Amino acid sequence: MARSSSGFVAGLTAAAVAAVGFLAYQASANVPANLTEKPRATSTAAPSISPSGGPTQPPRNPLAVPANSGTGERVVYALADRRVWLVDEKGKVTRTFTVMPSTVDPAPGSYSVTSRSGSVRGSDGVQIEHVVRFATAEDVSIGFSAAVDGSTPSPDPSRKTGGIRMKRTDGDALWMFAVIGAKVVVVA
C-alpha cells in the first residue's frame with residue numbers, strides 16, 4: 001500500500017510541474033513586443049508638471065531663511081512654518097528653531113522689538129521668561145517667550161493670547177539676539 005501511495009504522489013507532482021511549466025511558456029509567448037524591448041534613453045527630459053498644470057518648483061529647504069524676509073540683521077518669524085530664524089548682519093542664519101504660535105498672529109510685515117521682560121506670568125497663566133515683544137494685534141501684545149517649566153503646549157483656542165512659545169534654550173538665544181529696536185520680520 002505504501003508503494004502505491006508514493007507512486008501516486010510522484011505522479012501528481014510531475015503533473016503539477018508540467019502544468020506550471022506549460023503556463024509559464026504560454027505567459028511568455030503572449031507578452032506584447034513593446035514590453036520585451038529595453039527602454040531607450042531620450043536626449044531631452046520632459047519637463048515635470050505640477051497638478052495645476054505649470055512647471056514644478058524645486059523643493060524648498062525648510063531650514064533656509066525665507067527669501068522675502070528682507071536683508072541685514074533680523075529675527076524672521078514664518079507663520080506657516082512655525083519657525084524662527086536669527087539672521088546676522090551679513091545675512092547668515094545663526095540659529096533656527098520651531099515655535100508654538102499664539103492664538104493671535106501678527107500680520108506679515110516688518111516690526112521692531114518694543115519691550116522685553118526677564119520673567120513674568122503669561123496671559124495663559126504660565127510663568128514665562130525672556131519675553132521679547134514686537135507687535136500688537138486685536139488688542140493683544142505679541143512676543144516671543146519660553147515657559148519656565150520648558151513646556152510648549154498648544155494654546156487654548158478660546159482665549160486671545162500673544163505668546164509665541166519656544167524651548168528655553170531657543171528663548172535664551174533669542175533674548176541675547178533681539179534687543180530693544182531689533183528688527184523682526186513676519187512672513188506668511
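I count two strands as paired if DSSP finds at least two bridges between them, and I apply this to a model that is predicted.

**Sheet**

With that rule I looked up the strand order and found an open sheet of five strands, in the order 3-2-1-9-4 and with mixed pairing. Strand 3 and strand 4 stand at the edges with a single partner strand each, so one side of each has no neighbour in the sheet. From one strand to the next I note a twist that averages 20 degrees. I then followed strand 4 to strand 9 and found that the two run antiparallel and are joined by four bridges; within this pairing, Tyr111 has Val184 of strand 9 as its bridge partner. Helix 3 packs on the sheet, where it touches strand 1, strand 2 and strand 3, and its direction makes about 140 degrees with that of strand 3.

**Cores**

Next I looked up the largest nonpolar core, which has 27 residues, and noted that Val75, Tyr77, Val84, Leu86, Phe134, Phe144 and Leu174 touch the most other members. Among the elements that each supply at least two residues of this core are strand 1, strand 2, strand 6, strand 7 and helix 3. A second core, separate and of six residues, includes Val76, Ala78, Val87 and Val185. For Leu86 I listed the contacts beyond four places in sequence, and they include Val75, Val93, Phe97, Ala173, Leu174 and Phe177.

**Aromatic rings**

I found three aromatic pairs. Tyr77 and Phe144 make an edge-to-face pair, with 5.8 Å centre to centre and 80 degrees between the planes, and this pair links strand 1 to strand 7 across 67 residues. Tyr77 counts as buried because its relative accessibility is 0%, and Phe144 counts as buried at 1%. Phe134 and Phe144 are stacked instead, at 5.0 Å centre to centre and 25 degrees between the planes; since Phe134 lies in strand 6 and Phe144 in strand 7, the pair ties together parts that are 10 residues apart in sequence. Phe134 is also buried, with a relative accessible area of 3%. Taken together, ring pairs link Tyr77, Tyr111, Phe134 and Phe144 into a cluster.

**Ser102**

Last, I looked up Ser102, which sits in the loop between strand 3 and strand 4. Its relative accessibility is 7%, and because buried means under 20%, I enter Ser102 as buried. A polar atom of the Ser102 side chain lies 2.7 Å from the backbone oxygen of Val104 and 3.4 Å from the backbone oxygen of Thr161. Beyond its neighbours within four places in sequence, Ser102 is in contact with Pro155, Thr161, Gly162, Gly163 and Ile164.

Methods. Residues are numbered from 1 along each chain as its sequence is written. This is a predicted model: local features need pLDDT of at least 70, side-chain atom pairs count only at pLDDT 80 or more; totals for chains, interfaces and linings use all residues. Side-chain values use heavy atoms; hydrogens and water are left out. Buried means under 20% relative accessible area, exposed over 50%, partly exposed in between (1.4 Å probe, protein chains only). A polar contact is a pair of N or O atoms within 3.5 Å; within protein, one must be able to donate a hydrogen and the other to accept it, and residues adjacent in sequence count only if both atoms are side-chain atoms. Contact means heavy atoms within 4.5 Å. A nonpolar core is a set of buried Ala, Val, Leu, Ile, Met, Phe, Trp, Tyr and Cys residues joined through side-chain atoms within 4.5 Å. Axes are lines fitted to C-alpha atoms, for helices over the stretch in contact, and angles run from 0 to 180 degrees between N-to-C directions. Rings of Phe, Tyr and Trp (its six-membered ring) pair if their centres lie within 6.5 Å; planes under 30 degrees apart count as stacked, over 60 as edge-to-face and the rest as tilted.
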